[in-house]
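This report describes one strand and its pairing partners, together with the enclosed cavities of the structure shown below.

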Amino acid sequence: MSTPRTARVRAGAAALALCVTTTLAAPAAAQAAPGSGGDCLDPSIPLSVEESRLAAHLPDPSDPAVPADRTYARTVIEGGGFGGYTAAFTAALCRTRSLDGATALAERKGEALWDAAVRRAQSDGAVRGDLPASDDRPLYWTRVEAMSVLRQWAPEGGLTDAERAGLIETFDRAARGMFDIDLPPGDDVLRVIVSGFDVFTLDGGTTGPAPGTVGNNIRHGNPSGAAALSLDGTTYRTDDGKVAHVEAYTLPVSYPEFERGYLEDTVGPFMEPGPRQVDASITVSQAGGSQFNLEQWNARYHGTFPGNDNGAPCPWTGEWPQLAVDNPACNIQVVDRWGGGDGLTDPPQWTTASLPIAEMIAANTGADVPRPPGDTWPDPSVAFGVVWNTSYTAFPDCTSPELESFNDSPSVTYPPTTPPVPPAEDSCSFSGGGGNYLSNESAYRNTLLRDRAGLDIPAGHIHTPGMQHFETDFGVSDATFDAWRTSIAAQTRNLVHAVIDTTD
């Protein structure tokens, strides 16, 4: 059984609860101008790629020939009950006279936003806004909107680029729950950390005839983010009476933040010796289909597909992938404070999961989860299948662009009749079972931390089914979309609990 977060309200959370009923017609950063009635924002400062999507409109679902009357972002923010957050944040920022004060405000308000999103996700009753409690998207878009305000903050005396970047990063990390990890000490408790991800692939999709509107991919959510919100701060009691405390956070879908140590700075301190050392560390992201993939091997190679910032550090060159040899852009780099590395095999080209695969498959985690409409898993007695994915793709010769794939068929039973072939020690990685995108990167970095800390704990990656199933072309949400998110998040929690049940 599991219990939700107890009343662990951060400073500033009460103020957030008071402001969420206020409405805001458009992103605050688009409204203010320097020197106008005390406004402190400079709209001439360019927004980031992610922040620029705040202005996007979908076609009106009832009449696709005209744009919706609100931006998509504001529709989701208000639908999540966070309609007044950015206005209140902007007002507080404009009263701030120093960078130190603004940094403290950013951390406080970021933590308050995360706490409010967690409380909303774990609510059993009515919630503010017309989107379900389980919807992960309001947190993402509210966070991005607030970051646009920090991007255009124009205090007296100005900011250097480094100061502004540091201020934005403080807020970003706080609003992801990265400062919120609070694992209790003691030998009688199991300590577990779980990560989720932001929404992604927001550009493109089905378009409508309304002028100035965008494709409907902007509606995407991420069930791993929804699962993280539903797990953060919860406790779980195993059948043998142990109590586990679960903490969660979310990761960005862009490479620069990983390169700056977002994951290591969040999880790493809890892999070091001490009374709060973690007993299991699990990364989770979204894939596709109607099955959960338990990924075995993770690749150091990365960067062929762009993130939410439209940046990809290692795109293909013509018909060939780039080689990893003497090519730092294609190899995951670890910041020096977490061990660094200065060669092709330091860090290593491959890491491996240490999850209890047999127990996770045998736990039948989908048996008590409703099957959403359109679910194609062939066993109707469960929501989704759970398979051991041992596939990977390598450069057998690190100096040649020729690729070879291994173990292409995931295993529904464990152990499989034919043991998988592990990566050759002298091979170079191209993709793990989870590809070479940021889900694989989170898995690689997490398991590398485990190895460098010398820990013998469950650590690995869970890939969820895809949740982008809508009944309409342009509706922000609907029953089918909500059903997929709810079911995927529920079975994700069951899988996390299955890991806990096998943890000493």
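By class, how many nonpolar, polar and charged residues does the lining of the second largest cavity have? In this predicted model, that lining has seven nonpolar, no polar and three charged residues.

**Cavities**

The structure holds two cavities of 30 Å³ or more.

| Cavity | Volume | Lining by class |
|---|---|---|
| Largest | about 70 Å³ | five nonpolar, two polar, three charged residues |
| Second largest | about 50 Å³ | seven nonpolar, no polar, three charged residues |

The second largest cavity is lined by Phe82, Ala117, Arg120, Ala121, Ala133, Asp135, Asp136, Pro138, Leu139 and Leu229. Two elements, α5 (99-121) and α6, give two or more residues each to this lining, and the largest share, three residues, comes from α5.

Around the largest cavity stand Asp136, Leu139, Tyr140, Arg143, Phe197, Asp198, Val199, Gly225, Leu229 and Thr250. Here α6 (137-151) and α8 (223-231) each supply at least two lining residues, with α6 giving the most, three residues.

**Strand β15**

Strand β15 (residues 459-464) is largely enclosed by the rest of the structure, because six of its six residues are buried. The cover extends to both faces: Ala459, His461 and His463 are buried on one side, and Gly460, Ile462 and Thr464 on the other.

Two strands pair with β15 in opposite senses. Strand β7 (residues 280-286) runs parallel to β15 over six bridges, and glutamine 286 has threonine 464 as its bridge partner. Strand β8 (residues 291-295) pairs in the antiparallel sense over three bridges; leucine 294 stands opposite isoleucine 462 of β15.

Definitions and conventions
Residues are numbered from 1 along each chain as its sequence is written. This is a predicted model: local features need pLDDT of at least 70, side-chain atom pairs count only at pLDDT 80 or more; totals for chains, interfaces and linings use all residues. Side-chain values use heavy atoms; hydrogens and water are left out. Buried means under 20% relative accessible area, exposed over 50%, partly exposed in between (1.4 Å probe, protein chains only). Helices (H or I, at least four residues) and strands (E, at least two) are DSSP runs, numbered from the N terminus. Two strands pair if DSSP finds at least two bridges between them. On a 1 Å grid over the protein atoms alone, a cavity is a set of points where a 1.4 Å probe fits but cannot get out, and a pocket is an open set with protein on both sides within 12 Å along at least five of seven lines; lining residues have an atom within 4 Å of a point. Grid points are joined across faces, edges and corners, and a volume is the space filled by probe spheres set on the points. Ala, Val, Leu, Ile, Met, Phe, Trp, Tyr, Cys and Pro count as nonpolar, Asp, Glu, Lys and Arg as charged, and the others, Gly among them, as polar.
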